[in-house]
Structure formats: structure tokens, C-alpha cells
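Me: I would like to learn how to read some features of a multi-chain model. Could we take them one at a time?

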Amino acid sequence: MTLRTATIGAFAAAGLVGGAAAADEIKVGLMFTLSGPAAVLGEQGRDGFLLAVEQLDGQLGGLDAKIIVIDDEQQPDLAASRARELVEREDVDFVVGPIFSNILQAIHGPITGSGKFLISSNAGTSNYAGAECHPNFFVTSYQNDQNHEVMGAYAEREGFASVFLLAPNYQAGRDSLAGFKRHFTGEIVSETYTPLGQLDFSAELAQIAAFQPEAVFAFMPGGMGVNLVRQYQQAGLGDLPFLSAFTVDESTLPAQQEAALGMLAGANWAPDFDYERSREFVAAYEERFGSIPGTYAMQAFDAAMLIDAAVRAVDGDLSDADALREALRSADFDSLRREFTFGHNHYPIQDFYLTEAVQREDGKFHTSIVERIFDDYQDTYADDCEME
Amino acid sequence: MTNLLILQLLNGVQLGILLFLVAAGLTLIFGIMDFINIAHGVLYMVGAYLMATFVVITGNFWLALPVAMAAALLFGLLLEYTIFRRLYERSHLDQVLATFGLVMIVTEGVRMIWGSTPLSVPIPALLSGSIPLLGIIQYPVYRLAIIGTGLVVALGLYLVINHTRTGMLLRAGASNRPMVSALGVNVGQLFAFVFAFGAMLAAFAGAIVAPVLSVDSGMGASVLILTFVVIVIGGIGSIKGAFVAAILVGVVDTLGRSFGPILLQMVMDPSAASQTGRTLAPMLIYILMAVVLAVRPAGLFGGRPA
Amino acid sequence: MSDAAARRPRRSGLGLPTRHMVAGALFVLLAALPFIATAIGDPFLVVVFTRILVFAIAALSLDLILGYGALVSFGHAAYIGLGAYCVGILSRHGVTDLGVHLAAAIGLSAIFATVTGAIALRTRGVYFIMITLAFGQMAYFFFVSFAAYGGDDGMSLAQRSTVFGSDLLRDSTTLFYLTLAILVGFYVVASALVGSRFGRVISGTRENALRMQAIGFRPFRYQLVAFVIAGCMAAVAGVLLANQAMFVSPAYMSWHRSGELIVMVILGGIGTLIGGVVGAFVVLLLEEWLAVFTTHWRMGLGIVLILVVFFSPGGVSGLVQRLFGGNR
């Protein structure tokens, strides 16, 4: 039972001939959801990371990079088992991933407990930002609530008197609405939770029409978001401001298309972010994979660059975990977001933006930055983290 | 409140109609051929993907629909010829195993051909927009069209089954299969016809729902379970049962989601009501099925326990 | 031959002695696994196989009712989840003893199985499949909404269950042997059960319920007891799964998992007990092995399933029988 030592051909490290000592090599396990309906998000993460390694000539921090790609199949028990496989059998130095919060909860213990580093390029749950923060756990994305907080703050500033909230009935959905309400003081006409995976939103849309709120805030990731946005337009609600997070993004826009135009979202980046390095990344990703990268790809790319910079800072000496951790904490890399630092809980301190779905001249859809909402924003759980 | 109720009823009926289109084929295949087809849901998915493809190729919804249906029919016949035909005489469990395998193959095949990103189909101009209904509340024309189409199909099925020779054979086959073959009917041909027709109905449901729902590789699995719920509540083999059960499931699911918490607020405080409501909402159709089966172990219109 | 008889599921023709020999050989091989793993320099195999053994236990318990009673439960994963949540919830409140976890899991699942089984057993065939699915889904959605214990995110365990206050199970090999011992124990118990008068009533009811009633048995009670026993065994598997993954999630009880268990049992060969075990090994090892080559591994597994049905009636056990000409 050899494991997926799928050092993907085109990306394979320029192998050193002869008895290259293991010390000249850095092993990174990528754990993303790569099968099933949610695979599109995991594929972005994987491709973003591999693109970075490719641009670094198959190296990370000057060491030949051996990348092991693992599919967590969105099954927490399998993910936990494969995470242990990565650290115990493959002896990787870093694990990067996953997309989903429940997978993060399952793999966090096995990886950090073994003394390896786990770098989450997407999921950022509140427990690991606060009381359960861990020295070997870093997040290059955000704390899960933050994109929702952006929209709450925006709704507050715009002075919407009443907002209708909509989210799937699971942990992330409940966190999302809690995040929105953190900065919004207006009236919440309804907090509606739908069963996870619900495809038809006619019941909820009828309620929205009946309540006549001044705006709608929704968190409906993946296929649910595609359905909601299209049905929202079809129900004739197009004039009602639609605020969202993880609902209108580069993974759903190819299917939402015109229906999403003008819809607003909270994000820490968008493909048209005004920064030279970011533009280069978007162009390279599009050329390589044929689609516009979303934040999932951007955050994984940054995770690779973070590792690269940290390993370089310790001169490739992976044996000194403390020095490596310090190097990671300094986050001394050129982020696609221009400014990026870690808080003491190893979650990012970064800017957040209001984005809008737009169509490019070549017909493709993407999110576009409208304005900055938060400056150097840190999550609200950091105070509970006792890490220095 | 009354307006909302009527609107939600319409929504429930529309969901029910879709479920009926998928369930009709499944209950016929099950009732007449005594065949458990786990792969019925993937035909629905394939219908949607074919529609998405042909809309792009032809650029016209009305042209794409018949082409997609023809392709789905061919696909159904291909499956019947290569796989299902070998399974008719096997046990239910073998059928489950083989068609489960088929689900995996087709689902992965779809991902390999069309990728993981969801696709979509635009609503045809003729049916776009909403019409005012009951004062301020709007209702999408396309959804009304789905309801209308479903009712026409249901009526057509009713006429075929109750007033034609084929229908007579189908009814006879559903209640006593050995007798039909003893009467000299070519059962093989009848089976192929039923299967291909059922496949096309499921694909049709997938195709007409494509403008409303996202087209992705998970859509087959989600509809499959609901469809089985429908045919079991209705009673296996009964088209009438499938229709009644489909509408019932659609309406209960839709109304439960929107009015459940409101009703619960009458007996408990609001926060507990909303918590209980959202715990119960997704369970409602399963509770409905459990209650129906506890009272009528062969479903509402089921003649014999399968 | 009547139509019904021709379409009856092919039971493996493996004779009892042969079957026990196959099982014995498999168990001995498994007992040697930690040594083999160390010898070939891959101790991690122990962790992988512990997870497989857990699902083998669950599949064995399902075969007890599916294979012998023709009770195709499509909600069997719910019991795995119940067992796992007993570990998660009790541990959260400071009760970490394995004995308490097992007792709670068995007690809770016995209650759940008695109540749902009493209703479900009023139905037959596909109606039974669907009503068990309904109860499984209710359990699933209950835990998805159960925010106090993580809801959909699940809950991670700080440590494994303790045995009389000691953390014996920290060691992967110990957990492996505990799991293997439980599997062997359940196999022995289940074999004794199906060979007993009780088991013959269950199989007799599968063949002809009316006849059993006519000769004075009340099949319902026997079937209910079998249903409860199978549920309790699956709950024990759940306790072990929570310990193996150190994580508890509603995902353990989704209908996909119940479907996978059914596939394992049919693939391995129904009504053989060891078939479920073999099926679990085949499915999970194929998954691991095919995933090495492609993320589209599900297509490979699907092809294998169809080929087995086409060319090997009776599943893997049937194949073994034809290859080695097992005595009937």
C-alpha cells in the first residue's frame, strides 16, 4: 500500500542525481478535497500551491520540494487517518490545507501533536484562533467569521434598516450569521437556516419577498450559492441589495454568470487587486489552468511563499523547529495581498474589502474590489489565545 | 400570511412535480421489472449536463431540449443493453451493487468530461421574468412552466397507462409479471421500452431543472434519495401513488421549512422554536415516510409488499 | 424452479468448516500484521488497518441481519455514529473510561434499535430499506444541528478512551489488537448465533415467514432481537472509530456510509459473516490503492463492483468458493 506519492509530473522537483541527503529536501503534504461535488475548491487550493512551487523551480526555501497531494474526500475520519499517514509514514515537514472546517478539526490534532507544522490555506475556525491556538498551526486565509463581519460592517455603514439573513444549518452557517451581527445593529427581520445541501430556495425567496427587507445577507457556499443567486434573480428580487460571503466568488461565478452581476461580497482579496505581484499571479494561473483564480488559490499560493521565505530564513535547516516557527511568525514574504502579518494567534492581520461581481471584457466573470472596509483587521478571538 | 401560504404551496407543488418526473420512471422500473435502480438519479444528472452542453452548442433552449432528450434516450438504451439487461434476473442485492458501481462510474465520467465547476443553463427568453401574483408577490414564469409541463406529463402518463394497450400491459406487469409473459407478451421488449422511457423522463426532469438549479456532479445523489422516499410513500409501481407522494413530499418539505418555526412559536418561546424548527425541518420528509410506512407498510397506494 | 427462487440472492456456497478456516487464517494473518509492518519498515500499516477493522466489525454486524434475515438496513451507519458520540460526549464531560463508553454505546443503540426496529419490522423489502434510511437520516440531522457538541464540524478528542485509568490505547498497536480482538469475538458470537435455534428461526423467516408462524414462532421478536444485536455491534465499532480517528463527526452517520456498508457486505458475499469482513477490506484497500493513481479512483471502484456482479455471483466469497471448490 504505497501512498499517493504523486509528485505530479510537471511539477516534480528537479531531482538531484546521486545520493542527495534527505536534508536537502523539504516534504510538504497537501490535503484538499479533490473528489465529489466540492472538489472545485480543493482543486484551486492544490493548483495555487503547485503553481508557486513551479515558479520557484521546484524548490521551497532553496530545498528541493517533494509535494504529496492527498484527497480528504471530505470525510473527517479518513482525513484524520491520512493526516497521520503524512506525518508518521511520509514524515513531511509541513501539511497545507484543508478547505473545510470539519476536516481541519479532524486533522489538527494528529499533525500539530506530532510536532509538524500545519498551515491552513482556507479553513480558520474560531477555536484554534482563541483558546485552542497552537504554536505549530498557522492560517494564511482568515478567521472564518471575518468575511461575514465585513458585510455586517458594510450594512451598518450603509444604514440598512432591516436585513434578512440566510445560511445553511451547520456550524459554519451559524458562525457566519453571528459574524454578520457583530457589527450590524439594525433590525434582523429573519434568521433563516436551510438544510445543508438544499437546492431549491423558493420557500426562502418567497419569505424574503414577504418581509421586504432593505437588504439580504447570505452565506451559501458552492452549489447552494449558484442556485440561490440564480433563483434570486428569477424571483424578481434583483433590485434588492444582495450581500454575501463565499457565495459569489470565482468558484461559483462560472455558473452564476449574469445573475450575479452587481452582487456584493466580503473578501480579503480579489483577482483585480491593485498590486503587480497579484496581477502576475492571476495571469500565470489563468494561463496554466484556464480559469480565474479565487481566494482559495491565492491563499494556497501565499502558503507556499510563506514556507519558502521561512525555510530560506533558517538556511534550510528544518531540524530546528523553534527557529522555523519564529521565521514563519515573521511572515517575511511578498504576499499577493501586499500587506500580511500574523497575529500572536498565528491568524492573519490583513485588510478586508467589499467586492462586486463583474464581467471582464473577454466575457469571463470575477469579483472586483470596490473599497476597503477594514484596515489591518484582526479576528475577535485572538484575545483568548494565551500563546505569546 | 395567506399570500405567503399560497406562494409556498406553489413552490411545494413545483418541487413535487420535479420529483414526480424522476420518480415516475423509477417506480415503473421497480414495479414492472422488479428492479432496484440506484443509478436512476445519475440519468437525471446526465440529462442536465446534456442540456447544458447542447444549449451552448445550439445557442437555443428549444432546439437543445429535443436534442438532449434524444441523446439521453440513446444513453438509456446503451445502459440497458450493456448493463441492465444482464441484471434483470439477478437478486435485488446484486442489482444494488452493480447500479451503485454504475453511479460511481457515471459520476466520475461526468467530472472527467465536464470538470468540477458547476455549469448553468440560461432561462429561455420566452419564459424569463416574473409575473405579479397576489399583489406584491412575484412568481417566476419559468417555475409556472415547470408546473404546467409536469402536469401535462402526468396527464399523458395517466392516459397512456389507463387507456392504451401498452398501459394495460404495464399495469398487468406491475401486478403480476409471470402472467404477462405467460400471455405471450415479449417481456424483453417491454422492459427495454419501460427502461428507456423512464430514463428519458428522469433526464427530462434534469434538463428542465437545469435553468433553475446548478448543474453539478452531486445533483444525482441528492435527488435519488428523495425519489426513493417518494416511490415508497406512494407505493411501489403506482404512478398515481408517485404523483400524490411527490406533491406531498414537495409541499411538506417546503411548508415545513417556512412555517414550522412559526407554528412551533405558538407552543414554545421563539429561540427554542427556531432551534427546534431548524433541527426538525430537514427531518420532516423522513418523519413523514416513517409515519406512512408505520401505518401502511406498503405505502399509500401499494398493492403488495415488495 | 419458481421465479422467486431463481432470483433469490446467491449465498456463498462456502461450507461452514471452510468458512471458519478462511476466517481463522485471515485473523492469524492480521494478528501478525504489526510484526510484518515493522519487518517491512512500514509501521503505519497498523493505523490504516485499524480503521479497516472498524468497518469490518460494522459490516459483520450488518451481514448478521442482511445476510441471514434479509433485513437490508440502510441506516446502519447511525449506530456507528451513536457509538462515536458516546465517546465524544462522555469524554467532554470528563468520563474517559472505555468500559463506560462501551456500556453507554451499547445501551443507547439498544434503545434506538428497539424503538426504530419495532416500527421498521412492520415493513418488508424495499420499504424496510427506506424506513431504516429514514431513521438513520433523523439521527444524522439531529447531530448536525446539535451545536453544543460541535454540530456539523464535529468534535475532536483530547485523548483516547482510558482502560481502568491507564492510557493503554495511546499506542496504535494496542488499539489495533483491541479492535482485532473485538472483531474475532464478534465473529465467534455471530457464528454461534446463526448456528443456534435463534439463528435458524431468523433464516427460516427469511425463507418463509408464514411457515415459521404456522409452526408456532413469532418471527417479529426474533428479528427485533437480531436487529438490536446488530445495532449494538455497530455501536461498538463506532466507539473504536472515535478512538482511531480521535474525532467524532455526524459524517459518520450519513446515508453514504450506510450505503458503503451495504456494498461491503454484498461485495464480500452475504450470509457468510466473513464476507462482510472481506468486503470491508476489499473496498477500503481498493480505495487507498486506486487513489494513488488518480483522484478519479471512484470510477475504478465502480468498474470493479460491476465486474464482480457480472462474473462472480455471491461476491468475493463466491469467487473463493469456485476457485477452491469449497465443500457444501
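Me: In which loop does A:Pro98 lie?

Reply: This is a predicted model, and A:Pro98 sits in the loop between E4 and H3 of chain A. The peptide bond to look at is the one leading into A:Pro98 from A:Gly97, which is cis, with omega near -15 degrees.

Me: What is the phi of A:Gln74, and where does A:Gln74 lie?

Reply: Check the sign of phi and the residue type together. A:Gln74 is not a glycine, yet its phi is positive, about 60 degrees. The residue belongs to the loop between E3 and helix H2 (76-89) of chain A.

Me: Now the sheet of chain A. In what order do the six strands come?

Reply: Read the strands across the sheet, not along the sequence. In chain A the order is E2-E3-E1-E4-E5-E6, in an open sheet with mixed pairing. Strand E2 (59-60) and strand E6 (137-139) of chain A each have a single partner strand and stand at the edges, so one side of each has no neighbour in the sheet.

Me: In which sense do E1 and E3 of chain A pair, parallel or antiparallel?

Reply: Parallel: strand E1 (residues 25-32) and strand E3 (residues 63-71) of chain A are joined over eight bridges. To follow one bridge, start at A:Glu25, whose partner in E3(A) is A:Asp64.

Me: Which strands does helix H1 of chain A touch?

Reply: Look at both the strands touched and the angle. Helix H1 (residues 39-55) of chain A packs on the sheet against E1, E2, E3 and strand E4 (94-96) of chain A, and its direction makes about 160 degrees with that of E1(A). Helix H3 (residues 101-113) of chain A lies across E1, E4, strand E5 (117-120) and E6 of chain A, at about 155 degrees to E5(A).

Me: Next, the interfaces. How many residues does the contact take from chain A and from chain B?

Reply: Begin with the residue counts, then take the area and its make-up. Chain A supplies 34 residues and chain B 35 residues. The area buried between chain A and chain B is about 2,700 Å², with 54% of it from carbon and sulfur atoms. On the chain A side, A:Asp200, A:Arg230 and A:Gln234 lose the most area to chain B, together 20% of what that side buries.

Me: How many salt bridges does the rule find across the interface of chain A and chain B?

Reply: Two. A salt bridge joins B:Arg143 and A:Asp200, with the closest N and O atoms 3.0 Å apart. Between chain A and chain B there are also 15 residue pairs in polar contact, both residues at pLDDT 80 or more.

Me: Which element gives the most to the side of chain A that touches chain B?

Reply: H7(A), with seven residues. The residues of this side of chain A divide into 15 nonpolar, 14 polar and five charged.

Me: And the contact of chain B with chain C: how many residues does it take from each?

Reply: Use the same steps. The contact takes 54 residues from chain B and 42 residues from chain C. The area buried between chain B and chain C is about 4,300 Å², and carbon and sulfur atoms give 75% of it. Between chain B and chain C there are zero salt bridges and six residue pairs in polar contact, both residues at pLDDT 80 or more. The elements that give two or more residues to this side of chain B are helix H4 (92-114), helix H9 (219-234), helix H11 (270-280) and helix H12 (284-295) of chain B. H4(B) gives the most, with 16 residues. By residue type, this side of chain B has 33 nonpolar, eleven polar and ten charged residues.

Definitions and conventions. Residues are numbered from 1 along each chain as its sequence is written. Chains are lettered from A and ligands numbered from 1 in the order in which they are written. This is a predicted model: local features need pLDDT of at least 70, side-chain atom pairs count only at pLDDT 80 or more; totals for chains, interfaces and linings use all residues. Side-chain values use heavy atoms; hydrogens and water are left out. Contact means heavy atoms within 4.5 Å. Buried area is the accessible area (1.4 Å probe) that two parts lose on being put together, summed over both. A salt bridge is a side-chain nitrogen of Lys or Arg within 4 Å of a carboxyl oxygen of Asp or Glu. A polar contact is a pair of N or O atoms within 3.5 Å; within protein, one must be able to donate a hydrogen and the other to accept it, and residues adjacent in sequence count only if both atoms are side-chain atoms. Helices (H or I, at least four residues) and strands (E, at least two) are DSSP runs, numbered from the N terminus. Ala, Val, Leu, Ile, Met, Phe, Trp, Tyr, Cys and Pro count as nonpolar, Asp, Glu, Lys and Arg as charged, and the others, Gly among them, as polar. Two strands pair if DSSP finds at least two bridges between them. Axes are lines fitted to C-alpha atoms, for helices over the stretch in contact, and angles run from 0 to 180 degrees between N-to-C directions.
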